[in-house]
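Thank you all for making the time; I would like to walk through one structure this morning, beginning with a single strand pairing and working outwards from there. Please have the sequence and the model open while I talk.

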Amino acid sequence: MIIILGAMDSEIDEFLSRLEDRQEIHWNGFTQHHGQLEGQEVLVSKSGVGKVMSSMVTQHLIERWQPQAVIFTGLAGSLRPHIEIGDTLLACDLVQHDLESVALNLPRGQVPFSDYRFMPAHPVLLELAAGFQPANGRLHQGRICTGDQFITYREMNSHAYLTEELEGDGVEMEGASVALVCSVNRVPFLVARTISDRADEDAATNFEACLPQASRNSLDLVCYLLREMAQVDLSEN
């Protein structure tokens, strides 16, 4: 069983159009879709927007289904000039950029009283996904910063730490929380984002415009990854 997540319905719609033997499961206002994709058993669900919602849904699904892996897809803003709108960013690791405990002498993103800060994707999933060739744009690997803010240009001066301190390449609102839940539960995960904007003054407009392309791109990537995963045993890595 592979769990496929996106924050919003519009980020998983393309998956539902391809899902075979589809069955709906309802839980606390969330509709989850169980079926077959590329010959693999999958569960497709929205996670909700933000760190708390995505953490809650991910934990529930891991406990309910004991998945082989979790794949999170959707949109992100670019923090680097060379990562352009329409490109695909694979997260090598993820960090919560809005978790700050300087009074405890901890670096930004460090979960207090734990070893969790930069949470790496499963190396085999990352290696497999690196072979994907998007129909549009280029494929990148880098660090994704997660926080409960939709970052635009007006926030960038106050959020210079995203690139200067955390060395982030993309910014979004769910990935690191999903990564943390998966890491604690020892479930392999991968976060892959289509770049919708440059976290600038046009971010909100570009975000909405990129949703259809991002959903198609996510479907292409995940289908490719599922075919590649059929050849490996993640439990041995």
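Let me start at a specific pair of residues: E20 has Q36, in β3, as its bridge partner. Those two belong to a wider pairing, since strand β2 (residues 20–27) and β3 run antiparallel over six bridges, where two strands are said to pair if DSSP finds at least two bridges between them. When I say strand or helix I mean DSSP runs, E over at least two residues for strands and H or I over at least four residues for helices, numbered from the N terminus.

Before going further, the conventions: this is a predicted model, in which local features need pLDDT of at least 70 and side-chain atom pairs count only at pLDDT 80 or more, while totals for chains, interfaces and linings use all residues. Residues are numbered from 1 along each chain as its sequence is written, and side-chain values use heavy atoms, with hydrogens and water left out.

Returning to β2 and β3, the two strands form a hairpin with two residues between them, and N28 in that turn has a positive phi of about 50 degrees. On to the next pairing, β3 and strand β4 (residues 40–46) are antiparallel over five bridges, and H34 has L43 of β4 as its bridge partner. This is again a hairpin with two residues between the strands, and here E38 in the turn has a positive phi of about 55 degrees.

How enclosed is β3 itself, which spans residues 30–37? Six of its eight residues are buried, so the strand is largely enclosed by the rest of the structure; buried here means under 20% relative accessible area, exposed means over 50%, and partly exposed is in between, with a 1.4 Å probe and protein chains only.

Two residues around the second turn deserve a closer look. E38, in the loop between β3 and β4, counts as partly exposed at 32% relative accessibility. Not counting residues up to four places away in sequence, E38 touches R18, C223, L226 and R227, a contact being heavy atoms within 4.5 Å. The C-alpha atoms of E38 and V222 are separated by 9.4 Å, although the two residues are 184 apart along the chain. Q40, by comparison, is found in strand β4 and is buried, with a relative accessible area of 14%. With the same sequence neighbours set aside, Q40 touches G35, L226, M229 and A230.

Which residues does I71 contact, leaving aside its neighbours within four places in sequence? They are I2, I3, I4, L5, L190, V222, L225 and M229. I71 lies in strand β5 (residues 69–78) and is buried, at 1% relative accessible area. From I71 to L125 the C-alpha distance is 9.2 Å, with their positions 54 residues apart in sequence.

Turning to strand β6 (residues 88–96), eight of its nine residues are buried. Eight bridges join β6 to strand β8 (residues 139–146), and these two run parallel, whereas β6 and strand β7 (residues 119–120) pair in the antiparallel sense over two bridges. D93 appears in both pairings, standing opposite R143 in β8 and having P120 as its bridge partner in β7.

Among the helices I will mention α6 (residues 175–185), whose buried residues are G175, A176, S177, V178, A179, V181 and C182. After α6 comes R186, with a positive phi near 60 degrees.

Finally, the protein as a whole. It has seven helices and ten strands. Its radius of gyration, taken over C-alpha atoms, is 17 Å, close to the 18 Å that the globule rule (2.2 Å times the number of residues to the power 0.38) gives for 237 residues, so it is as compact as a globular protein of that length. Along the principal axes, the C-alpha atoms fill a box of roughly 50 × 40 × 35 Å. Buried residues make up 57% of the 237, and of the contacts with a separation of 6 or more, 76% are between residues 24 or more positions apart.

That is where I will stop, and I am happy to take questions.
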